[in-house]
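Colleague: I'd like to learn how to read a few features here. Could you take me through them?

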Amino acid sequence: MPHSPSSPRLTFGAAAIIAAVVAGSAAAFAYTAGWLSPQRLTPPKLVDALAPPGGPALGYRRNHAKGICFTGTFESNGKGAELSQAQAFKAGQYPVLGRFNLGTPNPQAPDGTVRVRGMGLQIATPNGEVWRTAMINAPVFPVATPEAFYQLLHAAGSKDPEAMKSFVAAHPEFASFGAWAGDGAWTASYAEEPYNGLNAFIFIDPSGTERAARWSLVPAAPAVTITQAELEKRGPDYLEKEITERVRQAPQRWTMNVVIANPGDATADPTKAWPADRRKIEVGTLVVQKIEAEADGSCRDVNFDPTVLPPGIRVSDDPFPAARSAAYARSYDLRTAESRYYPRTPASPKP
Amino acid sequence: MTSPGPRFTALQRLLHWLMAICIISMLFIGVGMVSTVMPKYVPLITTHKTLGMAILVLALLRLGVRFYSGAPALPADLPEPMKLAARLSHYLFYALMIAMPLLGWAMLSTADYPIVLLGGVRLPAILPRSDTLHTLFWAAHFYLAFAFFALILVHIAAALFHLLVRRDGVFEAMAPLNPTTPRD
């Protein structure tokens with residue numbers, strides 16, 4: 001059995017080995033954590049870049065901060081079951097909750113100042129699967145990579161009038177989104193907007209075959225276009241009043257379409273729509289039955305993380321769902337830590 | 001709790017080195033995933049959750065084995081402060097190995113995230129949604145991770161000190177392979 005020598009001595013060699021092992025391990029850890037890579041795009045950097053000049057609205061989502069909750073059902077017609085094993089595609093009715101929102105970090109932004117509208121949606125099925133998605137009304141995404149999105153946020157927030165021009169010049173892929181944003185075809189209702197998933201996901205069918213797909217919600221309500229100026233005249237919170245009243249009168253519906261990519265279609269670039277002749281399947285109908293103020297609503301505490309997916313859907317090589325998941329988690333962690341700043345009503349669920 | 005032998009049992013040594021790999025991987029995955037927005041974020045998160053559950057199971061098993069098999073006695077001539085540090089560090093390791101997965105699980109539960117592991121295994125929530133608790137568990141999980149890594153560095157330094165300087169058999173007690181014939 002080994003025993004200790006009478007006088008243990010710290011030799012230079014032993015000290016050097018111990019120091020090297022400890023320092024090397026600490027350095028590897030620091031590198032992995034990004035402390036040695038100030039240029040790395042981290043979730044905090046991405047989320048901080050969303051903040052308006054006066055700083056973020058504490059207690060709110062860091063983007064799409066203004067919104068209103070809804071509940072309803074997803075009526076699946078069963079046609080999606082050949083594409084994905086997810087229970088949501090089996091014929092049946094499944095409870096949903098969601099959130100209509102504006103693409104702005106300012107929860108008080110007047111409705112007529114925000115072109116991008118969105119919908120967060122959660123479909124839960126009886127077997128415990130949960131599918132969350134956050135979609136917008138634009139037909140394409142403005143940029144092709146999270147890094148370009150970060151640059152766009154900086155350009156859009158810059159005081160330099162040339163910043164946006166040089167961004168657009170350097171990012172020709174921005175043109176499709178830019179054309180949509182400037183087309184002037186506003187509506188005066190959340191119910192008249194389409195909501196497009198934009199990101200490509202992989203659908204896994206019952207035999208295990210995988211296909212790239214995107215989904216969209218197409219409104220049953222016909223779109224009545226109005227000018228931006230007219231919408232502004234109707235008041236800063238017109239959309240929330242309008243959707244509350246409209247749903248009170250009748251449930252509002254959207255058809256969910258799944259579009260399947262052909263082999264070779266780019267799946268990693270949400271700035272590019274796939275050609276119009278791609279196979280499109282109507283898989284069901286979203287029925288919005290009840291509107292709830294956000295402060296009291298079931299959507300308030302939900303992070304509509306686009307990587308929360310049921311078996312039968314997984315992320316593709318599209319880089320955005322991962323980046324959004326990382327940023328949404330950061331936003332969620334911040335706003336839950338700041339929940340005392342969020343104006344709750346007495347009926348609100350406890351924090 | 002003290003076994004008569006000079007070494008930990010083979011099962012204890014296996015658990016130690018297996019968990020060493022798991023826990024060090026876990027800490028690197030953790031700091032890596034929260035500092036990236038790249039596509040690897042998604043598989044890293046899933047791996048982190050899965051590995052966390054594996055570590056929880058292994059830690060509980062190891063705690064049971066430790067109660068059953070005990071630990072070799074520390075060298076009699078080890079200074080008292082070092083003996084105290086050795087014992088204290090073991091308590092800290094067990095506490096962190098068990099608490100960290102539970103804190104992570106609680107942090108996800110209180111945020112109402114579905115908890116899905118590799119292979120689609122779903123875990124139930126262990127607590128209801130709560131902003132206050134989520135914030136508390138998030139902070140505890142985050143800061144204790146750095147404390148855990150610091151503890152591991154101290155542990156490695158101490159192990160090497162026993163191996164290279166004191167040469168007192170403490171390192172050999174947990175060495176993965178049978179040591180060569182003991183020195184005189």
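Modeller: Happy to! Two residues are in contact if their C-beta atoms, placed from the backbone, lie within 7 Å. This is a predicted model, where local features need pLDDT of at least 70, side-chain atom pairs count only at pLDDT 80 or more, and totals for chains, interfaces and linings use all residues. Residues are numbered from 1 along each chain as its sequence is written, while chains are lettered from A and ligands numbered from 1 in the order in which they are written.

Colleague: How many residues does each chain bring to the contact?

Modeller: Chain A brings 45 residues and chain B brings 41 residues. On chain B, α1 (10-33), α2 (41-69) and α4 (131-166) each give at least two residues to the side touching chain A; helices (H or I, at least four residues) are DSSP runs, numbered from the N terminus. α4(B) has the largest share of that side, 14 residues.

Colleague: And how do I read a pair of helices?

Modeller: Two packed helices are described by the angle between their axes and the distance between the axes. Axes are lines fitted to C-alpha atoms, for helices over the stretch in contact, and angles run from 0 to 180 degrees between N-to-C directions. In chain A, the axes of α3 (residues 146-157) and α4 (residues 161-170) come within 7 Å and cross at roughly 150 degrees. That makes α3(A) roughly antiparallel (an angle over 145 degrees) to α4(A).

Colleague: Which residues make the contact of α3(A) with α4(A)?

Modeller: α3(A) uses A:Q151, A:L152, A:A155 and A:A156, and α4(A) uses A:A163, A:M164 and A:F167.

Methods:
Parallel < 35°, antiparallel > 145°, perpendicular 65-115°, else oblique.
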